[in-house]
Amino acid sequence: MALIDKTEKRIMIASGAVMALFLFSVLYAKGKYKSDVPECIPYNKAYTEPRVNKLDDSTYQVFAVAQMWQFQPSEIYIPVGSEVDFFLSSKDVVHGFNIAEKNVNMMAVYGNINKTTVKFEKPGVYKITCHEYCGTGHQNMQAEVIVNYPTRH
Ligand code: CUA
């Protein structure tokens, strides 16, 4: 008698195929559309101190910390053409981190650091909004990336 019956085997093969397809799609999108796939990086307390680090004239790191009901830093000033690594964490509950104009969609989770990289080629004010319900102040939870002055060449 087989340990797993035929139906079970079929289901396992089918779900394996679905997972493989999903993984393939993500990698395909990453390559073809150059979309940056957010990643979860090892937890490090250093990332939970809100700040903006300037690495050079066009490369920045933002340690974004979400908490009820604000993001810190709440205003991020960078020059046009900057590439920004966002390291996201939460001080309390689960929050969202959405930059609609840049297709950024991340979760801020206590005890976790999520990272994504965004390039800001055009000047403007990019709204960061919390898109995960987190309590009574949820709808006011936002921050801004202000891209308003040119890089020197
Ligand atoms: Cu934070 Cu909704």
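**Strand pairing, burial and overall dimensions of the predicted chain**

In the predicted model, Tyr-126 has Val-145 of strand 11 as its bridge partner. This pair belongs to a longer run of contacts between two strands. Strand 10 covers residues 124-129. Six bridges join strand 10 to strand 11, and the two run antiparallel.

Strand 11, residues 142-149, also pairs with strand 5, residues 75-79. Here the sense is parallel, and the pairing extends over five bridges. One residue pair can be named on this side as well. Pro-79 is bridged to Tyr-149 of strand 11. Strand 11 thus has a parallel pairing with strand 5 and an antiparallel pairing with strand 10.

These strands sit within a chain of one helix and eleven strands. The helix comes at the start of the pattern, and the eleven strands follow it along the sequence. In a regular strand, side chains alternate between the two faces of the sheet.

Strand 6, residues 82-90, contains Ser-89. Is Ser-89 buried or exposed? Its relative accessibility is 1%, so Ser-89 counts as buried; the cut-off for burial is under 20%. The surroundings of Ser-89 were examined beyond its neighbours within four places in sequence. Ser-89 is in contact there with Tyr-47 and Thr-48. Its contacts also include Ala-64, Val-65 and Ala-66. Ala-108, Asn-112 and Ile-113 complete the list.

Ile-13 presents the opposite case. This residue lies in helix 1, which spans residues 6-32. Ile-13 has 57% relative accessibility and therefore counts as exposed, the cut-off being over 50%. Ile-13 and Ile-76 are 63 residues apart along the chain. Their C-alpha atoms are separated by 48 Å.

The overall dimensions were then considered. The radius of gyration is 19 Å, whereas a compact globule of 153 residues would have a value near 15 Å. Along the principal axes, the C-alpha atoms fill a box of roughly 70 × 40 × 30 Å. Of the 153 residues, 33% count as buried. Contacts between residues at least 6 apart in sequence were also assessed. Of these, 60% join residues at least 24 apart.

The accessible surface of the chain comes to about 9800 Å². Carbon and sulfur atoms account for 58% of that area. The chain carries 16 positive and 15 negative side chains. The centres of the two charge sets lie 6 Å apart.

Terms used
Residues are numbered from 1 along each chain as its sequence is written. This is a predicted model: local features need pLDDT of at least 70, side-chain atom pairs count only at pLDDT 80 or more; totals for chains, interfaces and linings use all residues. Side-chain values use heavy atoms; hydrogens and water are left out. Helices (H or I, at least four residues) and strands (E, at least two) are DSSP runs, numbered from the N terminus. The radius of gyration is taken over C-alpha atoms; the globule rule is 2.2 Å times the number of residues to the power 0.38. Buried means under 20% relative accessible area, exposed over 50%, partly exposed in between (1.4 Å probe, protein chains only). Contact means heavy atoms within 4.5 Å. Accessible areas come from the Shrake-Rupley method with a 1.4 Å probe; for residues, only the protein chains shown count as cover. Lys and Arg count as positive and Asp and Glu as negative; His and the chain ends are not counted. The place of a charge is taken as NZ of Lys, CZ of Arg, CG of Asp or CD of Glu. Two strands pair if DSSP finds at least two bridges between them.
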